[in-house]
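Biologist: Got a minute? I'd like to go through this structure with you.

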Amino acid sequence: MPWNDEFECMPVEQIQKFQLEKLKETVAWVSEKIPFYTEKFKEAGISADSINSIEDVSKLPVTVKNDLRDNYPFGLCAVPIEEVVRVHASSGTTGKPITGPYTADDLEQWTECMARNLWAAGIRPTDIVQNAYGHGLFTGGLGFHQGACKLGCAVVPTGAGMTERQITILKDFKSNVLLATPSYTLTIAERAEEMKVDIKSLPLRVGVFGAEPWTTQMRTEIENRMEIKAMEAYGLTELGGPGVAFDCEAQEGLHINEDHYLAEVVDPATFEPLPLGEKGELIFTSLQRRAMPMIRYRTKDITRLYREKCSCGRTMLKMEKLSGRTDDMLIISGVNVFPSQIEALLLEIDEVEPQYRLVVRKKGYLDQLTVQVEGKSEVYEAGDQKRHEVEGKISAHIKGMMGIGVEVELVEPKFIARSEGKALRVVDERPKQLR
Ligand code: DLL
């Protein structure tokens, strides 16, 4: 049984009717309260009255990250500051940060979405929940904190980092649930092995992971290495943080909280809406947020949307596990390459650890990709010949599966910096003007 079966299992026609009503309200609200949208809608000649079906959302102009940066910090806030009760922010990898203000109602909705996420992962009030997402401006820590409190769990807000202490707490408090990024989870697993703590024998049962790209193969790696279920959370600061979509016990795609977020997939080059089932860039319109609603926010995340009867009983639209971001795509020898494709192939190689980095360099006019991956210690220590053999095996595997030639460097264990939050997977060493 879902946390909120009224909305999570609502028949499609009914949820779409609900979405239409909320979409019209949101359009009216932002055009009245936020000059940026007033102008944009005027230019496009549209108003709430132009919206007569949810498909009409495609008539609205899109919002991009730079719009948020240009209006930093509160230019897109629809309410006076006395109605704002929280502000999160994200610095991203480049440029000015963006902010996410919330009213008290916004916080409550967010908590509800997080409760759905945790409940769907099988978490119950009897659980001890160790929350190792960063607590602060990042939305992961506090978002999950609120959801776990709502469920009535015993919440342990460790925050990210201090890995040895995380392990001691996992052991001493007998935490059943770990909340962290997938890469930090691997850091914890590895440190536990070094500390001779057998994580598999601890009461830890399930984790809810997200905030960064990770493949199904990485999920399996975490599940096997820690003997836990690895569940997923998806979201972004611009839309209030995690809680936008989550997976259920079927682990076959993420359910979108459709009463709060209207999802579309568009062709990233033309912005043309794509039909269900086709892969493209994910766009979201928030339906109930008040402090900073988002109209057709371009996430840059790539996936496809689909509706299917899920074995869990939820009717909410599904999105496939992300396959990448439009801005992470590399073009190597004319082939589009997403880091996640390389990750999936590396995890099929027995001789390496799931710790890697992709370095992009310019060689003449061409982009050259070097895959740095840590060898298992016994492999690395076996000497040059063994190392070259494994490097050859990996480059042949990548060539065979993706048709691209890459250089592979088997690096020593611990060469790649361990992550406590979002892992850095791509290092771009090309001169800025040639990227
Ligand atoms: O990462 C919110 C979050 C916190 C999600 C905790 C899940 C768990 P931002 O820092 O604004 O917000 O980053 C948002 O991270 O556009 C995706 O590219 C990526 N991302 C988030 N969840 C996933 C996921 C938080 N499950 C950006 N799989 C998004 C892959 C993800 N990428």
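Modeller: We can start with the ligand and then visit some helices and loops. Keep in mind that this is a predicted model.

Biologist: Which residues come nearest to the ligand?

Modeller: E232, A233, T237, D301 and K422 come nearest, out of 20 residues around the ligand.

Biologist: What polar side-chain atoms lie by an oxygen atom of the ligand, T237 for one?

Modeller: T237 places a polar side-chain atom 2.5 Å from a ligand oxygen. K422 has a polar side-chain atom 2.9 Å from an oxygen atom of the ligand. There is a backbone case too: a backbone N or O atom of A211 sits 3.1 Å from a ligand nitrogen.

Biologist: And how much of the ligand does the protein bury?

Modeller: The protein buries 93% of the 610 Å² that the ligand exposes when taken alone.

Biologist: Which element gives the most to the shell?

Modeller: That is β7, with five residues. Both β7 (229–236) and α6 (139–151) supply at least two residues of the shell.

Biologist: How do the shell residues divide into nonpolar, polar and charged?

Modeller: Ten are nonpolar, five are polar and five are charged.

Biologist: New topic. Where is R425 found?

Modeller: In the loop between β20 (407–411) and β21 (426–428).

Biologist: Buried or exposed?

Modeller: R425 is buried, because its relative accessible area is 15% and the cut-off for buried is under 20%.

Biologist: What does R425 touch?

Modeller: Setting aside residues up to four places away in sequence, R425 touches S183, M218, E343, Y356, R357 and L358. With Y356 there is a side-chain polar contact of 3.4 Å.

Biologist: How many residues apart in sequence are R425 and E343?

Modeller: They are 82 residues apart in sequence, yet 9.6 Å apart in space, C-alpha to C-alpha.

Biologist: S183 was on that contact list. Which residues of α8 are buried?

Modeller: S183 is one of them. The others are P182, Y184, T185, L186, T187, I188, A189, E190 and A192. In total, ten of the 13 residues of α8 are buried, leaving the helix mostly covered.

Biologist: What do they pack against?

Modeller: The buried residues of α8 pack against two helices, α7 (163–172) and α9 (216–226). They also pack against the strands β5 (177–180), β6 (206–210) and β18 (352–363).

Biologist: What span should α8 have, and what do the end C-alpha atoms give?

Modeller: At 1.5 Å a residue, the 13 residues of α8 (residues 182–194) should span 18 Å. The end C-alpha atoms are 19 Å apart, so the two agree.

Biologist: What comes just after α8?

Modeller: K196, with a positive phi of about 60°.

Biologist: Now α5. How many of its residues are buried?

Modeller: 14 of 17, so α5 is largely enclosed by the rest of the structure. Its expected span is 24 Å and its end C-alpha atoms are 25 Å apart, which agrees. G122 follows α5 and has a positive phi, near 90°.

Biologist: On to loops. Where is the place of N176?

Modeller: N176 is in the loop between α7 and β5. N176 counts as buried because its relative accessibility is 15%. Among the residues N176 touches are T126, D127 and I128, along with P203, L204, R205 and V206.

Biologist: And S323, which residues is it in contact with?

Modeller: K279, I302, F338 and S340, leaving aside neighbours within four places in sequence. S323 is in the loop between β14 (318–319) and β15 (324–325). At 18% relative accessibility, S323 counts as buried too.

Biologist: What about the peptide bond from Y72 to P73?

Modeller: The bond is cis, with omega near -5°. P73 lies in the loop between α4 (65–70) and β1 (86–90).

Biologist: Last one. What is the phi of M162, and of Q251?

Modeller: M162 has a positive phi of about 50°, although it is not a glycine. Q251 is also not a glycine, and its phi is positive, near 50°.

Biologist: Is M162 buried or exposed? And Q251, how does that one count?

Modeller: M162 is exposed, with a relative accessible area of 54%. Q251 counts as partly exposed, at 21% relative accessibility. M162 is in the loop between β4 (154–156) and α7, and Q251 is in the loop between β8 (241–247) and β9 (254–256).

Definitions and conventions. Residues are numbered from 1 along each chain as its sequence is written. This is a predicted model: local features need pLDDT of at least 70, side-chain atom pairs count only at pLDDT 80 or more; totals for chains, interfaces and linings use all residues. Side-chain values use heavy atoms; hydrogens and water are left out. A residue is near a molecule or strand if one of its heavy atoms lies within 4 Å of it. A polar contact is a pair of N or O atoms within 3.5 Å; within protein, one must be able to donate a hydrogen and the other to accept it, and residues adjacent in sequence count only if both atoms are side-chain atoms. Accessible areas come from the Shrake-Rupley method with a 1.4 Å probe; for residues, only the protein chains shown count as cover. Helices (H or I, at least four residues) and strands (E, at least two) are DSSP runs, numbered from the N terminus. Ala, Val, Leu, Ile, Met, Phe, Trp, Tyr, Cys and Pro count as nonpolar, Asp, Glu, Lys and Arg as charged, and the others, Gly among them, as polar. Buried means under 20% relative accessible area, exposed over 50%, partly exposed in between (1.4 Å probe, protein chains only). Contact means heavy atoms within 4.5 Å. The expected span of a helix is 1.5 Å times one less than its number of residues.
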